[in-house]
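Here's a quick briefing on side-chain interactions, sorted by topic. Have a look at the model first, then work through the bullets.

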Amino acid sequence: MTVVEERSSSTQLPLTAKEFKTDQEVRWCPGCGDYVILNAVQGLLPELGLKRENIVFISGIGCSSRFPYYLNTYGMHSIHGRAPAIATGLAVTRPDLSVWVVTGDGDALSIGGNHLIHALRRNVNVKILLFNNGIYGLTKGQYSPTSEVGKVTKSTPMGSVDHPFNAVSLALGAEATFVARALDSDRPGLVDVLRAAARHRGTALVEIFQNCPVFNDAAFDSRREPGKRQRHHIPLRHGEPIRFGASGAFGVVRECVTGTLSVRTVDESEAEAVVVHDEQRSDPSQAFSLSRLGSPDLAHIVAGVFRAVERPTYDELVRAQVEEAQQAAPAGLTALLRGNESWTVPPLSR
């Protein structure tokens, strides 16, 4: 567990990114995408306008879960897959805190799958950063729930036969109120998504495609190379037509017959056929369709905010119930124990 170096009401705001760095040596492999994400988060935290003691990062197990050691806030390196459960308890009992979860594709989508989907459906006020590198890195290269079919690893020497999870589709299926995706190679896009997640009231899931240079190197390289990036990367911008590629040569359109979304070349005469992105739609069906573009082979990567809607949060509702129960409860412990729900057990006869 890490704690802030200073716990004082005299902490001056605003803080700087440097003040969110610790004295711990950052121990990830050279070239790991986690470095970029850590730097982006450290740069974002001053924008929250919060003292370091009012921010908490909770992680599970995995390479990404070293995050709390490198942030000068409160933090907990918890157990495998259970970070959302711990974060839920903290969010309910401490509304004054900004609670963040850092997890990986193995931690969140395998042993932690149920904890993740229930946090999403409940709309707990936490921010979940899901690092997805398509592999188990900490345990040295086994296939993960997001590894592609046929993936050859130490645990699947003949290729994986599992169909992979699409984390964004999963979150939208659980009716999460905020769902987004970013790439570690797109620093501006990553920061924009993190900023939007931090502003959101409720569960915010951000999937981050992140390179593992040792066990799954170049998994996203076709989307990183300058010549190919424009062709494969589909950025989402609220209220704008979904166009991409050189001079917007490609667009996302809705097929008349099936009603599904597809990608094709468009010219100005077809501009009206291009789908306009609306992240605030209460119906998540269009966001879900966008999450399926390019799945499962990642022929296209859709990035940005898929959905951002408002709904009462779980922690607010729980606190309201507790307050109501306290006001309605009879005065004193004796009255409570001797209320209508008590009874007398007669002595046993011999």
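**Salt bridges, rings and one arginine**

D315 counts as buried, at 2% relative accessibility. Its partner in a salt bridge is R319, at 3.3 Å from N to O, and R319 counts as partly exposed at 22% relative accessibility. Keep in mind that this is a predicted model. The briefing starts with charged pairs, moves on to aromatic rings, and ends with R82.

**The D315 network**

- D315 and R319 sit four residues apart in helix α9 (residues 314-328), which is about one turn of the helix.
- That pair isn't on its own: salt bridges with shared partners join R201, D315, E316 and R319 into one network.

**Other salt bridges**

- In total, the structure holds ten salt bridges.
- As a general point, side chains of opposite charge can pair when their charged atoms come close.
- One of the ten brings R181 and E207 together, with 2.8 Å between N and O.
- R181 belongs to strand β5 (residues 178-183) and E207 to strand β6 (residues 204-209), so this salt bridge ties together parts that are 26 residues apart in sequence.
- Are R181 and E207 buried or exposed? Both of them are buried.
- R195 and D192 also meet in a salt bridge, at 3.3 Å from N to O.
- These two residues are three apart in helix α6 (residues 187-199), so about one helical turn separates R195 from D192.
- R195 is partly exposed, with a relative accessible area of 26%, and D192 is partly exposed too, at 47%.

**Aromatic pairs**

- How many aromatic pairs does a search of the whole structure find? The search turns up seven.
- W28 and F67 make a tilted pair, 6.1 Å centre to centre with 35 degrees between the planes.
- This pair links distant parts of the chain: W28 is in the segment before α1 (34-44), while F67 is in the loop between β1 (55-59) and β2 (74-77), 39 residues apart.
- W28 and F67 are both buried.
- F67 has another ring partner in F57, and this pair is tilted as well: the centres are 6.4 Å apart and the planes make an angle of 40 degrees.
- F57 lies in strand β1 and F67 in the loop between β1 and β2, so the pair ties together parts that are ten residues apart in sequence.
- Like F67, F57 is buried.
- Zooming out, ring pairs link W28, Y35, F57, F67, Y70, W100 and F131 into a cluster.

**A charge over a ring**

- Which ring does the charged end of R122 sit over? It's the ring of Y314, with the charged end 5.4 Å from the ring centre.

**R82 and its surroundings**

- You'll find R82 in the loop between β2 and α2 (83-93).
- R82 counts as partly exposed, at 31% relative accessibility.
- Setting aside neighbours within four places in sequence, R82 is in contact with I111 and H115.
- R82 and I58 are 24 residues apart along the chain, and their C-alpha atoms are separated by 9.5 Å.

Notes. Residues are numbered from 1 along each chain as its sequence is written. This is a predicted model: local features need pLDDT of at least 70, side-chain atom pairs count only at pLDDT 80 or more; totals for chains, interfaces and linings use all residues. Side-chain values use heavy atoms; hydrogens and water are left out. A salt bridge is a side-chain nitrogen of Lys or Arg within 4 Å of a carboxyl oxygen of Asp or Glu. Buried means under 20% relative accessible area, exposed over 50%, partly exposed in between (1.4 Å probe, protein chains only). Rings of Phe, Tyr and Trp (its six-membered ring) pair if their centres lie within 6.5 Å; planes under 30 degrees apart count as stacked, over 60 as edge-to-face and the rest as tilted. A charge sits over a ring if NZ of Lys or CZ of Arg is within 6 Å of the ring centre and within 35 degrees of the ring normal. Contact means heavy atoms within 4.5 Å.
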